[in-house]
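Trainee: Got a minute? I'd like to go through this chain with you before I set anything up.

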Amino acid sequence: MKHVFNPYKDDIKKTGYAIATTQSISSGEELFNSYNQCNVCQEYQDWFTTPDLFKSYGFIEQYPQRWLFDLCRIKFDLDIDNESGVETVNFFVAPSKRGMEAMRKELERLDAFSKQYRSKNDVDIPDHEWKSLWEYYDALRNAIARALESDVPISDEVWEMPHNWWVTNGTMQESDQDSHFVRRSNQSTCIAAT
């Protein structure tokens with residue numbers, strides 16, 4: 001719990017903290033903590049995505065990654081099978097033609113940006129920060145490319161949904177937050193680029 005932003009820091013100093021697990025843990029076994037995809041994350045499951053983790057904590061999460069492109073009305077998890085290297089795109093709501101076209105344009109913009117700036121750090125940014133920014137860029141570009149390569153059915157229904165369309169996959173309301181579990185909808189597969 002050593003982050004710059006830790007709203008519980010004073011409470012932890014007074015009372016300590018405990019970690020509850022859903023399975024037995026062997027002595028010396030490595031533990032992993034999810035910042036946004038756990039049973040007690042509350043609203044973090046909906047809106048605290050890979051970009052938010054990078055902005056708040058300075059790292060790119062491993063798979064699964066959660067991506068929300070609100071203006072395109074596209075939200076998906078990107079996961080990988082560690083043995084096969086197959087990446088899977090799990091959309092929460094079927095994307096629209098308009099949303100996917102906006103994503104295509106963003107991918108073109110990202111490619112042009114990389115071509116112009118990747119090889120030079122002519123601004124006064126420390127090397128470790130420069131490296132982190134390009135790690136984020138690579139994750140973002142990969143996520144968009146995988147979403148575009150997917151063979152998910154296209155639907156314009158997402159534009160008819162209420163303003164909180166992204167809260168879940170469309171089957172739950174904001175008021176269901178206390179009993180919140182995300183159910184994945186359409187699934188699509190593509191091979192990870194090497």
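Mentor: Sure, let's go from the overall fold to the core and then to a pocket. Keep in mind that this is a predicted model.

Trainee: OK, how many helices and strands does the protein chain have?

Mentor: There are 5 helices and 4 strands in the protein chain. Going along the sequence, they come in the order α-α-α-β-β-β-α-α-β.

Trainee: And what share of the residues is buried?

Mentor: Of the 194 residues, 36% count as buried. The accessible surface is about 12900 Å², and carbon and sulfur atoms account for 50% of that.

Trainee: What about contacts between residues far apart in sequence?

Mentor: Take the contacts between residues at least 6 apart in sequence: 61% of them join residues at least 24 apart.

Trainee: Let's move inside. Which residues touch the most other members of the largest nonpolar core?

Mentor: That core has 26 residues, and W67, F69, I74, F76, M103 and I144 touch the most other members. The elements giving two or more residues to this core are β1 (65-69), β2 (74-80), β3 (86-91), α4 and α5.

Trainee: Which of those gives the most?

Mentor: α5 does, with 11 residues.

Trainee: I'm curious about F76. What is F76 in contact with, leaving aside neighbours within four places in sequence?

Mentor: Quite a list: Q65, R66, W67, F69, V89, N90, F91, F92, M103, A143 and A147. W67, F69 and M103 on that list are also among the core residues that touch the most other members.

Trainee: Changing topic, which residues of helix α3 are buried?

Mentor: α3 covers residues 50-57, and T50, D52, L53, F54 and Y57 are buried there.

Trainee: And what follows α3?

Mentor: G58, with a positive phi near 80°.

Trainee: Now pockets. What's the volume of the second largest pocket?

Mentor: About 230 Å³. The lining has 13 residues, and F113, Y117, L133, W134 and Y137 lie nearest the centre of the pocket.

Trainee: Which elements give two or more residues to the lining?

Mentor: Those are α4 (97-117) and α5 (127-149). The largest share, 6 residues, comes from α5.

Trainee: So α5 turns up again. How does the lining of that pocket split by class?

Mentor: There are 10 nonpolar and 3 charged residues, with no polar ones. As for α5, this helix gives the most to the largest nonpolar core and also the largest share of the second largest pocket's lining.

Technical notes
Residues numbered from 1 in each chain as written. Predicted model: local features only at pLDDT ≥ 70, side-chain atom pairs only at ≥ 80, totals over all residues. Heavy atoms only, no water. 1 Å grid on protein atoms, 1.4 Å probe; cavity = no way out; pocket = protein on both sides within 12 Å on 5 of 7 lines; lining within 4 Å. Points joined across faces, edges and corners; volume = space filled by probe spheres on them. Nonpolar A, V, L, I, M, F, W, Y, C, P; charged D, E, K, R; others polar. Buried < 20%, exposed > 50% of the residue type's maximum accessible area, 1.4 Å probe, protein only. Contact = heavy atoms within 4.5 Å. Areas by Shrake-Rupley, 256 points an atom, 1.4 Å probe, with all protein chains shown as cover. Core = buried A, V, L, I, M, F, W, Y, C linked by side-chain atoms within 4.5 Å.
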